[in-house]
Amino acid sequence: MKKKKKSSLDDIRNLKGAPLNYRFIREVESDPTARNIAKFAESTFHSTTKYRLTSMAKPISRLINHKNEPK
Amino acid sequence: MVLIISQPNDLSTVHIIDWINNSDVLFCRVNSTDKFASRSLKFGKNQKIEWTIELRGRSFNIDDITSIWIRRGEFNLVNVYEQENMTESLDRGIRHHLQNEMDSLEGSMHFLVESHRCLGRAASHIDKLTVLLCARNRGIDIPQTLVTSDDTEIENWLAEGQRIITKSISNNFVKLSEDNSEEVKSWITYTEEITGFNKDQNQRRFPSLIQEKLDKDFELRIFFLGGEFYSMAIFSQLDEQTSTDFRRYNHKNPNRMVPFDLPEEISAKLKSLMEKLDLNTGSIDMVVTRDKRFVFLEVNPMGQFGMVSMPCNYNLEKKIAQFLTCK
């Protein structure tokens, strides 16, 4: 089977017949703080079901200084 | 037990769990990467429905669920062939039929679970164009809209002096870069103004959504929960980076965001729209133009509420948790 070509940003912008908004695709200008929090959340919650006994919510609450953190 | 359908990296889910943890109610968080197995579904003689489902080796009955929050994603039922990694070895016709069987079972599961106390609906429930039509039918102002595969129509619109934007018909196109650099970058399509348009010669285009560019005074992000609207005005129009799409956030100089009281007339029409769409929650995007039109853009059944809750001090995380724990 023919291997699919990986697209670059320019490939997407110049794709013939594509939806018009593809011309304007951009790289996300991300907020480093938000990105770090998201990474932390992802690593903490990557797997599975969490029952309350194993909740991992509090460390993240501290990270973002959540004022209403439950006791 | 509160069942939460979410994604692994969704921070808003964590905040709700913080509040649920503060009550005596148990919760079960299921991420989009997790799969249920349906063990037994029985419509018995006594009108009782018994459905045993299994997740990560733990079984529970559908009756164990007192309320459900569909934050992100949908149920994914796994079958015996998937569990044994045998799907690829099956005949294509068999695979297709088995997939239909699972889809049908997942549909039943959605129906049964959503008949409980349920907040949110699956994203596939509605689409942007249908919602615009429903809004217009309720007397809500919507932008002039064109979906076309003919570039000439776009040229003609621009030639009339109309400023126009383009955006996705469904969700934004988001893609992770595939170059070999260490840091993975995200690429995304925002709402963009079309200027200096050159049409593709002799080429039909994939249907593209074009709308009039509204002369904004400010934008509104409105979160709907339990029949109430929690609205926030976003002053995005004076920053070139955010003027067409505030989601192109300016982190160095963020847009000012303040609580906003919706006019009663707009509020009543939006409530009627949410009833028609059978949504008990969602994030509504509107624009207030310089000539004071309240123009509806879209509703996202799974929209972000943290960005409204925090700047406006609405404490929506607590309210959602109270809804789910029946407080």
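How many helices and how many strands are there in chain A? Select chain A of this predicted model and colour by secondary structure: there are three helices and one strand, and from the N terminus on the elements run α-β-α-α. Of the 71 residues of chain A, 13% count as buried.

**Chain B as a whole**

Switch next to chain B, whose secondary structure comes to eight helices and 18 strands. Its C-alpha atoms fill a box of roughly 65 × 50 × 45 Å along the principal axes, and 27% of its 327 residues count as buried. If you draw the contacts between residues at least 6 apart in sequence, 66% of them join residues at least 24 apart. For the steps that follow, it helps to colour the chain by its domain assignment, which gives domain 1 as 2–119, domain 2 as 126–142 + 214–313 and domain 3 as 144–213. The C-alpha centres of domain 1 and domain 3 of chain B lie 37 Å apart.

**Parallel strands in domain 1**

Select strand E1 (residues 2–6) and strand E6 (residues 67–70) of chain B, which pair in the parallel sense over four bridges. Within this pair, Ile4(B) stands opposite Trp69(B), a residue of E6(B). Now add strand E7 (residues 117–119) of chain B, which also runs parallel to E6(B) and is joined to it by three bridges; here Ser67(B) stands opposite Arg117(B) in E7(B). As general background for reading these pairings, strands of a sheet pair through backbone hydrogen bonds, either parallel or antiparallel.

**The largest nonpolar core**

Keep Ile4(B) selected and add Ile20(B) and Met286(B): of the 49 residues in the largest nonpolar core, these three touch the most other members. The core draws at least three residues from each of domain 1 (2–119) and domain 2 (126–142 + 214–313) of chain B. Centre the view on Met286(B) and leave aside its neighbours within four places in sequence; the residues in contact with Met286(B) are then Leu220(B), Ile222(B), Phe294(B), Val295(B), Phe296(B) and Leu297(B). A second, separate core has five residues, among them Ile164(B), Ile165(B), Leu209(B) and Ile210(B). As a general point, nonpolar side chains in soluble globular proteins tend to be buried together.

**The antiparallel sheet**

With Ile164(B) still in view, which strands of chain B form the open sheet, and in what order? Select E8, E13, E9 and E12 of chain B, for the sheet has the order E8-E13-E9-E12 with antiparallel pairing. Strand E8 (145–148) and strand E12 (192–194) of chain B are the edge strands, each pairing on one side only, and from one strand to the next the twist averages 35°. Strand E9 (residues 164–167) of chain B is joined to E12(B) by three bridges, and the two run antiparallel; in E12(B), Ile194(B) is the bridge partner of Ile164(B). Add helix H5 (residues 151–159) of chain B, which packs on the sheet and touches E8, E9 and strand E13 (208–212), its direction making about 150° with that of E8(B).

**A chain A residue in contact with chain B**

Select Asn21(A), which is found in the loop between helix H1 (9–13) and strand E1 (26–27) of chain A. Is Asn21(A) buried or exposed? Asn21(A) counts as buried because 22 other C-beta atoms lie within 10 Å. Leaving aside its neighbours within four places in sequence, Asn21(A) is in contact with Thr166(B), Lys167(B), Ser168(B), Thr189(B), Glu192(B) and Ser208(B). A distance label from Asn21(A) to Asp11(A), 10 residues apart along the chain, gives a C-alpha separation of 13 Å.

**Two positive phi values**

Finish with two loop residues, keeping in mind that most residues other than glycine have a negative phi. Asp278(B) lies in the loop between helix H6 (264–276) and strand E17 (281–289) of chain B, and its phi is near 60°, a positive value in a residue other than glycine. Asp278(B) counts as exposed because it has 11 C-beta neighbours inside 10 Å. Move on to Lys292(B), in the loop between E17 and strand E18 (294–300) of chain B; it is not a glycine, yet has a positive phi of about 65°. Lys292(B) is exposed, with 8 other C-beta atoms within 10 Å.

Note on methods. Residues numbered from 1 in each chain as written. Chains lettered and ligands numbered in written order. Predicted model: local features only at pLDDT ≥ 70, side-chain atom pairs only at ≥ 80, totals over all residues. Core = buried A, V, L, I, M, F, W, Y, C linked by C-beta atoms within 7 Å. Buried ≥ 20, exposed ≤ 12 C-beta atoms within 10 Å, placed from the backbone. Domains from an automatic or database assignment. Contact = placed C-beta atoms within 7 Å. Pairing = 2+ DSSP bridges. Axes fitted to C-alpha atoms, helices over the stretch in contact; angles between N-to-C directions.
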